[in-house]
Amino acid sequence: MDFDLTSEQQQIRKLAKDFADREIAPGARERDRAEKFPAEVLKKMAPLGLLGGPVPEQYGGMGVDYVSHALITEEIGRVDSSVRTTLSVQISLVELTLLKFGTEEQKRRYLPRLCKGDLIGCFGLTEPEVGSDATKIRASARRDGDAWVLRGRKTWISNGSVSNLALVFAQTDPAKEHKGIAAFLLERDEQPYGSQPIHGKLGLRSSDSSELILDDVRVPDANRLGPVGDGFKIAMAALDSGRYSVAAGAVGVAQACIDASVTYATQRRSFGKPLAGHQLVQELIADMVVETEAARLLVWRAGDLKNKGRPNTRETSIAKLYASEIAQRAADNAIQIHGGYGFSDEFPVERYWRDARVNRLYEGTTQIQKLIIGRFATGIDAIA
Ligand code: CAA
């Protein structure tokens with residue numbers, strides 16, 4: 001087992017870190033306050049290859065390995081979870097799913113434009129009445145000649161309103177239950193779908209979360225991704241990729257909490273010495289350090305399996321669950337260390353806390369991850 005990063009991985013991490021500190025961090029608070037989507041940031045990321053890290057060069061990406069992908073995601077997540085979420089959906093849920101299940105024509109048509117940022121992707125699975133029980137989606141796809149007619153509503157779709165390419169899951173035959181689900185690629189200019197942004201979120205305020213409105217959208221059969229009936233498996237495989245990215249982003253949040261806390265606790269004084277000179281403060285920081293390093297190693301282990309092309313659903317769920325939970329604890333500790341200042345956006349830790357909360361919800365709640373891990377451990381299905 002080698003825990004050292006290769007020189008290429010170190011360079012990629014440095015590229016992402018420098019970019020994050022220079023181009024993302026300075027505007028994060030204002031974007032959060034204004035609920036402003038980071039379009040300008042994305043434009044600057046594209047030429048550096050950061051919108052298509054793990055996508056092979058032949059399709060417009062950088063062709064980096066999965067540990068490098070996690071390093072990039074961690075560095076972006078360290079400064080702004082809204083940007084990180086936008087990126088996770090673009091790369092992990094849309095690009096990598098297209099790469100795995102798309103025809104050669106679909107890959108050539110969409111991947112280079114996604115990697116350049118000319119297309120912004122979204123992933124339409126969740127519905128107003130269907131979240132964790134994703135096998136039960138109700139959006140329908142009715143065959144009509146050489147096309148499909150899609151009808152239904154999707155909700156909590158990251159990038160939904162700003163997207164011009166939607167990967168949408170719909171039911172073709174309810175009698176077949178999850179084996180009737182199919183996946184479709186909707187290019188907004190040609191298959192116009194509606195959207196409605198969701199406002200008033202606790203966190204991720206500068207990312208876009210929207211409803212998608214499918215009012216009899218006609219989609220050519222050529223835009224179907226994978227076979228009819230494989231849609232659910234495609235969604236689950238996509239989530240194996242998306243959850244990895246959420247885990248890496250959560251490690252970034254936890255690291256940001258350590259960095260902010262160490263800076264504050266070594267500068268601010270109380271009872272005649274630096275805060276960090278108090279044992280109970282050091283305990284808060286030590287807990288954050290231990291949990292963050294453990295989470296990072298879980299992410300790298302899942303990444304190593306992905307690099308080797310081996311099954312990783314279990315390891316990805318473990319990483320996603322743990323990193324999401326410890327990022328929240330780290331943010332809570334960071335606020336505690338900052339005292340009253342941690343309660344206002346003069347310091348970034350309150351944003352880290354608000355932004356961290358959704359990691360325990362989206363791309364499969366903590367409870368869903370536990371059921372997946374428990375099923376692997378016991379061989380007994382406690383899900384349905
Ligand atoms: N890869 C490939 N196939 C998989 C798979 C995986 N990781 N996991 C399951 N499958 C296959 C199974 O092999 C099975 O195939 P067969 O029918 O041929 O046997 C089929 O899918 C059904 O699987 P399960 O029996 O595991 O289904 P289940 O109902 O027991 O459990 C679940 C499914 C794990 C609960 C799943 O519904 C789930 O993950 N729910 C959470 C949904 C979720 O994460 N939503 C996030 C929305 S996206 C989002 O948040 C995006 C955003 O914009 C931020």
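This report describes how the protein surrounds its ligand in a predicted model.

## Ground rules

Residue numbers start from 1 along each chain as its sequence is written. Local features need pLDDT of at least 70 and side-chain atom pairs count only at pLDDT 80 or more, while totals for chains, interfaces and linings use all residues; side-chain values use heavy atoms, without hydrogens and water.

## Where the ligand sits

The ligand sits in the largest pocket. A pocket is an open set of points on a 1 Å grid over the protein atoms alone, where a 1.4 Å probe fits, with protein on both sides within 12 Å along at least five of seven lines. To sit there, more than half of the ligand's atoms must lie within 2 Å of the grid points.

Domain 2 (122–229) and domain 3 (233–378) both give residues to the shell, so the ligand lies between them. These bounds come from an automatic or database domain assignment.

## The shell

The ligand has 27 residues around it, each with a heavy atom within 4 Å. Ser132, His178, Asp240, Arg243 and Arg375 are the closest. Helix 7 gives the most, with 7 residues.

## Polar contacts

A polar contact here is a pair of N or O atoms within 3.5 Å. A polar side-chain atom of arginine 243 is 2.8 Å from a ligand oxygen. Glycine 364 uses a backbone N or O atom, 2.9 Å from an oxygen of the ligand. In threonine 313, a side-chain N or O atom lies 3.3 Å from a ligand nitrogen.

Terms used. A polar contact is a pair of N or O atoms within 3.5 Å; within protein, one must be able to donate a hydrogen and the other to accept it, and residues adjacent in sequence count only if both atoms are side-chain atoms. On a 1 Å grid over the protein atoms alone, a cavity is a set of points where a 1.4 Å probe fits but cannot get out, and a pocket is an open set with protein on both sides within 12 Å along at least five of seven lines; lining residues have an atom within 4 Å of a point. Helices (H or I, at least four residues) and strands (E, at least two) are DSSP runs, numbered from the N terminus.
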